[in-house]
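Thanks for coming, everyone; I would like to walk slowly through one model today, and I will explain each term when it comes up. Please have the sequence and the picture open in front of you.

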Amino acid sequence: MSLHTPSPGATTLAPPTQAELLDFVRRTAADRDLVASLPLDPEGRTWVRLDGPGGSEAWLIGWPPGTGTGWHDHAESVGAFLTAAGELTEHSLAARLPTDGWKTLELSEDVDRERKLSAGRGRAFGRHHVHEVLNESPTEHAVSVHAYYPPLPQIRRYSRTGPVLRLESVERPEDWQ
């Protein structure tokens with residue numbers, strides 16, 4: 001399934017901004033038929049790739065109760081995501097981490113942020129944004145829309161134990177497509 005929604009009045013080849021990605025995910029999440037068409041699995045996340053604006057990569061993702069992404073970043077990509085149904089929780093770090101050359105960092109006490117994102121709520125983020133997204137509901141699915149530019153070159157996955165963040169792996173597009 002693919003969705004192409006050009007930005008109104010778009011005539012330039014400039015890459016989409018974080019605000020434009022957020023506008024795209026907001027408009028896409030408002031498409032009730034599209035959101036309802038996503039097959040939901042009671043055990044694992046489901047997803048459909050969408051055509052995002054300006055060559056961005058976009059996804060419609062279904063989240064069964066109790067599922068999450070684990071700690072990760074999107075490398076050099078900027079992005080946005082928005083909850084289309086249900087509620088998601090985002091835990092993020094309000095600190096810019098070094099991009100290369102480390103395996104373990106001890107985080108300061110004031111870097112943790114938590115956002116509850118009910119249907120219609122979302123956010124944009126910059127490069128190297130480290131977060132995890134969770135559906136903490138014990139009974140309800142959630143659905144969200146995500147967009148990234150440039151298309152994801154890699155995702156770095158982390159483990160977190162208290163203040164210690166450890167780089168565990170680096171995934172490339174061929175690992176998740």
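**The sheet and what surrounds it**

Let me begin with the sheet, in which five strands, in the order β1-β2-β10-β4-β8, form an open arrangement with antiparallel pairing. At its edges stand β1 and β8, each with a single partner strand, so one side of each has no neighbour in the sheet. On average, neighbouring strands here are turned by 15° against each other, direction ignored, where axes are lines fitted to C-alpha atoms, for helices over the stretch in contact, and angles run from 0 to 180 degrees between N-to-C directions.

Some words on the ground rules, before I go further. This is a predicted model, in which local features need pLDDT of at least 70 and side-chain atom pairs count only at pLDDT 80 or more, while totals for chains, interfaces and linings use all residues. Residues are numbered from 1 along each chain as its sequence is written, and side-chain values use heavy atoms, with hydrogens and water left out. Helices (H or I, at least four residues) and strands (E, at least two) are DSSP runs, numbered from the N terminus, and two strands pair if DSSP finds at least two bridges between them.

How confident is the predictor in this chain? The average pLDDT, a confidence given for each residue from 0 to 100, is 91, and 92% of the residues score at least 70. Over residues 1-6, however, pLDDT stays under 50. Where pLDDT is low, the predicted coordinates should not be read in detail.

Now to the edge strand β1, which pairs with β2 (residues 57-63) in the antiparallel sense over six bridges. The two form a hairpin with five residues between them, and in the turn Gly54 has a positive phi of about 60°. Along β1, Thr46, Val48 and Leu50 point to one face and are buried, whereas Trp47, Arg49 and Asp51 point to the other and are not; buried means under 20% relative accessible area, exposed means over 50%, and partly exposed lies in between (1.4 Å probe, protein chains only). In a regular strand the side chains alternate between the two faces of the sheet.

Which residue of β2 is the bridge partner of Thr46? That partner is Gly62, and Gly62 in turn has Val143 as its bridge partner in β10. Thr46 itself has a relative accessible area of 17%, which is why it counts as buried. A polar atom of its side chain lies 2.6 Å from the backbone oxygen of Pro39, and a polar contact is a pair of N or O atoms within 3.5 Å, where, within protein, one must be able to donate a hydrogen and the other to accept it, and residues adjacent in sequence count only if both atoms are side-chain atoms.

Moving inward to β2, we find that seven of its seven residues are buried. Both faces are covered, with Glu57, Trp59, Ile61 and Trp63 on one side and Ala58, Leu60 and Gly62 on the other. Its pairing with β10 is antiparallel and runs over seven bridges.

What fills the largest nonpolar core? A nonpolar core is a set of buried Ala, Val, Leu, Ile, Met, Phe, Trp, Tyr and Cys residues joined through side-chain atoms within 4.5 Å, and of the 19 residues in this one, Val25, Leu50, Leu60, Val143, Val145 and Ala147 touch the most other members. Two or more residues come from each of α1 (18-29), α2 (32-37), β1, β2, β4 (78-85) and β10 (142-149). Of these, α1 gives the most, with five residues.

At the other edge, β4 and β8 pair in the antiparallel sense over four bridges, and Phe81 has Arg123 as its bridge partner in β8. The helix α1 packs on the sheet, touching β1, β2, β4, β8 and β10, and its direction makes about 20° with that of β4.

Finally, please find Gly120, in the loop between β7 (112-118) and β8 (122-125). Is Gly120 buried or partly exposed? Gly120 is partly exposed, because its relative accessibility is 46%. Beyond four places in sequence, Gly120 is in contact (heavy atoms within 4.5 Å) with Leu82 and Thr83.
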